[in-house]
Amino acid sequence: MIAASFLLNLLIYPFLINLFRKKSVGQYIRKEGPDLHGYKEGTPTMGGILFVLIGLLFGALLKENSVILTGAFLFFLIGFLDDFLSIAKKNSTGLRAYQKALLQLVAASVVIAFARPEMAVDFFGIKLEMGVWYYLLALIVIVGSSNAMNLTDGLDGLAGWVYISGAIPYWFFLKEKGFSENIIILLCAGVLAFLIFNSKPARIFMGDTGSIALGGTLGVVSVLTKTEFYLILFFPILVVETLSVILQVLSFKLFKRRIFRMSPLHHHFELLGWKEEKIVAVFTVFNLISSLIALEAFGVIG
């Protein structure tokens with residue numbers, strides 16, 4: 001199934017790119033973004049539509065956890081709506097921030113209501129009972145993961161490679177704990193095929209359709225497998241990117257000063273003169289090393 005998912009994505013992407021070009025399904029670049037990105041305007045977007053739907057199809061055929069598949073599909077719909085509105089309005093803003101946040105909270109609440117996870121967390125081997133406060137944590141984890149992957153999707157290949165570098169080790173970690181959440185690997189197969197067309201210069205972007213679905217799926221999986229805190233170790237880049245935005249906003253609100261030249265962090269390095277390929281490589285290697293250290297620390301390898 002994994003090989004079939006990869007090959008199917010690989011075969012269909014060229015047709016999808018041509019179709020999106022003919023239909024003008026192109027990316028609108030944020031005006032406040034780096035000037036270096038102007039040439040990307042009009043590049044086909046919403047590329048995540050293919051690897052997410054094929055991943056979900058194969059996941060359904062393999063009878064993967066229906067709550068996880070439902071959660072992934074709901075976050076896919078939010079990303080799709082955001083991209084669709086952006087294209088329809090012909091600017092970079094699809095859903096407004098509060099509209100997107102509200103929809104993400106609703107999707108996460110639906111998942112939690114159906115999953116009914118136990119209200120204790122595994123804090124690196126220590127079981128902590130949280131009572132009803134656990135539901136707040138679960139909402140933060142699912143919505144936060146979704147937004148973090150969305151923020152990371154700002155350079156050619158970045159979100160895809162960060163997902164691959166964390167998802168494969170995370171899948172082995174879950175397998176060691178007795179979980180078989182193959183949807184993570186099925187999505188990896190599709191993302192790998194997508195990256196052939198998304199590496200610089202990108203011929204297509206995953207859009208919010210892909211990034212929100214990938215992040216939301218990771219959040220849902222972590223809640224259902226009680227590995228919420230472990231997720232940080234396999235995806236530290238998502239945490240760093242999100243923190244850079246939070247710190248930048250807080251610093252400007254409180255002190256009228258910016259910490260970074262631009263946030264998320266990958267834009268800061270761009271404005272320092274780093275090439276996109278170098279940023280993608282460094283961020284991916286950092287994420288991979290953290291994941292491998294986590295695997296060794298918890299006895300999965302070594």
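Helices here are DSSP runs of H or I with at least four residues, numbered from the N terminus. On that footing, L7 sits in helix α1, which covers residues 2–22. This is a predicted model, so everything that follows describes computed geometry. L7 has a relative accessible area of 47%, so it ends up in the partly exposed class. Along the chain, L7 is 182 residues away from A189, yet the C-alpha atoms of the two are separated by just 8.5 Å.

A second pair of residues makes a handy counterpoint. L56 and R257 are 201 residues apart in sequence, and their C-alpha atoms lie 44 Å apart in space. L56 belongs to helix α2. With a relative accessibility of 12%, L56 counts as buried, because the cut-off for that label is under 20%.

Helix α2 also takes part in a helix crossing. Its partner is helix α8: α2 runs over residues 48–61, α8 over residues 207–224, and their axes come within 7 Å of each other. The crossing angle is roughly 40 degrees. Angles under 35 degrees would count as roughly parallel and those from 65 to 115 as roughly perpendicular, so α2 and α8 are oblique to each other. As for its hand, the α2–α8 crossing is left-handed.

Now for the charged side chains. Searching the whole structure turns up six salt bridges. One of them joins the side chains of D82 and K100, with an N to O distance of 3.0 Å. D82 is in helix α3 (residues 66–89) and K100 is in helix α4 (residues 97–115), so this pair ties together parts of the chain 18 residues apart in sequence. Both D82 and K100 are buried. K100 forms a salt bridge with D208 as well, and there the closest N and O atoms are 3.4 Å apart. This second pair links distant parts of the chain, with K100 in helix α4 and D208 in helix α8, 108 residues apart. D208 is buried, as is K100. Put together, D82, K100 and D208 are linked in a network of salt bridges. Helix α8 thus turns up twice in this account: D208 sits in it, and its axis crosses that of α2.

The salt bridge between E118 and K127 has a different setting. Their side chains meet at 3.7 Å, N to O. E118 is partly exposed, at a relative accessible area of 44%. K127 reaches 58% and is exposed, since the cut-off for that class is over 50%. K127 falls in strand β2 (126–129), and the loop between β1 (120–123) and β2 holds F124. F124 has a positive phi of about 50 degrees although it is not a glycine. At 34% relative accessibility, F124 counts as partly exposed.

K63 is another non-glycine residue with a positive phi, in this case near 60 degrees. K63 is found in the loop between α2 and α3. Its relative accessibility is 76%, so K63 counts as exposed.

The backbone has some cis peptide bonds to look at, too. The bond from K200 to P201 is cis, with omega near -5 degrees. P201 lies in the loop that runs between α7 (183–198) and α8. The bond from S263 to P264 is also cis, and there omega is near 0 degrees. P264 has its place in the loop between α10 and α11 (265–271).

Helix α10 brings the surface into the picture. A nonpolar surface patch of about 830 Å² is made by I232, V239, L243, I246, L247, L250, L254, F255 and I259. Which helix gives the largest share of the nonpolar patch? Helix α10, residues 236–255, does so with seven residues. F255 is in helix α10 and is a member of the patch. F255 has a relative accessibility of 58%, so it counts as exposed.

Terms used. Residues are numbered from 1 along each chain as its sequence is written. This is a predicted model: local features need pLDDT of at least 70, side-chain atom pairs count only at pLDDT 80 or more; totals for chains, interfaces and linings use all residues. Side-chain values use heavy atoms; hydrogens and water are left out. Patches are made of residues with over 30% relative accessible area and no salt bridge: like charges are joined within 9 Å, nonpolar side chains (Val, Leu, Ile, Met, Phe, Trp, Tyr) within 5 Å. Accessible areas come from the Shrake-Rupley method with a 1.4 Å probe; for residues, only the protein chains shown count as cover. A salt bridge is a side-chain nitrogen of Lys or Arg within 4 Å of a carboxyl oxygen of Asp or Glu. Helices (H or I, at least four residues) and strands (E, at least two) are DSSP runs, numbered from the N terminus. Buried means under 20% relative accessible area, exposed over 50%, partly exposed in between (1.4 Å probe, protein chains only). Axes are lines fitted to C-alpha atoms, for helices over the stretch in contact, and angles run from 0 to 180 degrees between N-to-C directions. Angles under 35 degrees count as roughly parallel, over 145 as roughly antiparallel, 65 to 115 as roughly perpendicular and the rest as oblique. A crossing is left-handed if the near helix is turned anticlockwise from the far one by less than a right angle, and right-handed if clockwise.
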